[in-house]
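Colleague: I've got a new model open and I'd like to learn how to read it. Can you take me through it feature by feature?

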Amino acid sequence: MARLKDKKLERLVAEFAVVYRENFYRLAYSYVKNSDDALDIVQESIYKAISAISTLENPDSLKTWFYRIVVNTSLDFLRKKKRNVAVGEEVFASFDYGIVDNYEDFDLQKALDNLPDKYRTVVVLRYFEDLKIEEIAQILNENTNTVKTRLYKSLEKLRIKLIEEEV
Amino acid sequence: MNEEKLKSLKRQYLNTPIPEELESIVENILIEKNLLKMKRNKWQKKRG
């Protein structure tokens, strides 16, 4: 019986991963700025999700559960990379962008990239992935007020960074 | 930070080029997982 339930959940996770794979890829890419690494992160996240399927208590929270896996896998990857890679290479990596509309956007993107991970994550999840504050709180295992405060501070930091660069 | 700037950043985010490999990523994982399961079952049968 439990095996049948796991099988059903596994199928649900696989279907979910197919629908959300591009979201997960963009999210991972926003951390690592490298296609191969982002693909590795998505792959590892799906593996983890399928392997840990029995720990998913409520299938309704599949979306936030999966996003949490992708965020944590990306952050783990960055931690490992920081230990191994020289700082200079990381600076170059942050300029590896697809399409940049204009110089102002480029500065803004740079400012976003330079935010500490915990601030950048809330901006990406809220404004780019269009997740609700409650969903972000579940993903980050924080309360909603913390997320709201962090989001406010992120926008404040971005504004300050842009002003500093203009001076 | 005004809304327009955030929209512009979102546009850039959504413009992230998606590699072709992503399309088959889930299927490949499931195939690999099933192959591993088959291999494990075979090994367990061998051990009796």
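Modeller: Let's start with salt bridges: the count comes to eight over all chains, where a salt bridge is a side-chain nitrogen of Lys or Arg within 4 Å of a carboxyl oxygen of Asp or Glu. Before we go on, this is a predicted model, in which local features need pLDDT of at least 70 and side-chain atom pairs count only at pLDDT 80 or more, while totals for chains, interfaces and linings use all residues. Residues are numbered from 1 along each chain as its sequence is written, chains are lettered from A and ligands numbered from 1 in the order in which they are written, and side-chain values use heavy atoms, with hydrogens and water left out.

Colleague: What is the idea behind such a pair, and which residue forms a salt bridge with E135(A)?

Modeller: In general, side chains of opposite charge can pair when their charged atoms come close. Here the partner of E135(A) is K63(A), with 3.6 Å between the closest N and O atoms. E135(A) sits in helix α7 of chain A and K63(A) in helix α3 of chain A, so the pair ties together parts that are 72 residues apart in sequence. Helices, by the way, are DSSP runs of H or I with at least four residues, strands are runs of E with at least two, and both are numbered from the N terminus.

Colleague: Is E135(A) buried or exposed?

Modeller: Buried means under 20% relative accessible area, exposed means over 50%, and partly exposed is in between, using a 1.4 Å probe and protein chains only. E135(A) has 18% relative accessibility, so it counts as buried. K63(A) is partly exposed at 24%.

Colleague: How many of the residues in helix α7 of chain A are buried?

Modeller: Six of the eight, so this helix (residues 133-140) is mostly covered. Besides E135(A), the buried ones are I133(A), I136(A), A137(A), I139(A) and L140(A). After α7(A) comes N141(A), with a positive phi near 60 degrees.

Colleague: What about salt bridges inside one helix?

Modeller: The general idea: an α-helix has 3.6 residues a turn, so residues three or four places apart point the same way. In this model, D76(A) and R79(A) meet in a salt bridge at 2.7 Å, N to O. They are three residues apart in helix α3 of chain A, so about one helical turn separates them. D76(A) is partly exposed, at 31% relative accessibility.

Helix α8 of chain A (residues 144-166) has such a case too: R159(A) and E156(A) are three residues apart, about one helical turn. Their closest N and O atoms are 2.9 Å apart in a salt bridge. R159(A) is partly exposed at 36%, and E156(A) is partly exposed at 28%.

Colleague: Which side chain does T64(A) touch in a polar contact?

Modeller: A polar contact is a pair of N or O atoms within 3.5 Å; within protein, one must be able to donate a hydrogen and the other to accept it, and residues adjacent in sequence count only if both atoms are side-chain atoms. T64(A) makes one with the side chain of Q138(A), at 2.9 Å. The T64(A) side chain also reaches the backbone oxygen of S61(A) at 3.1 Å. T64(A) lies in helix α3 of chain A (residues 62-84) and counts as buried, at 7% relative accessibility.

Colleague: How many helices and strands does each chain have?

Modeller: Chain A has eight helices and zero strands, and 44% of its 167 residues are buried. Chain B has two helices and zero strands, with 23% of its 48 residues buried. The C-alpha atoms of chain B fill a box of roughly 70 × 20 × 10 Å along the principal axes.

Colleague: Which residues form the nonpolar patch on the surface?

Modeller: Patches take residues with over 30% relative accessible area and no salt bridge, joining like charges within 9 Å and nonpolar side chains (Val, Leu, Ile, Met, Phe, Trp, Tyr) within 5 Å. The nonpolar patch consists of I31(B), L35(B) and M38(B), with about 320 Å² of accessible area together; such areas come from the Shrake-Rupley method with a 1.4 Å probe, and for residues only the protein chains shown count as cover. I31(B) lies in helix α2 of chain B (residues 25-47) and is partly exposed at 48%.
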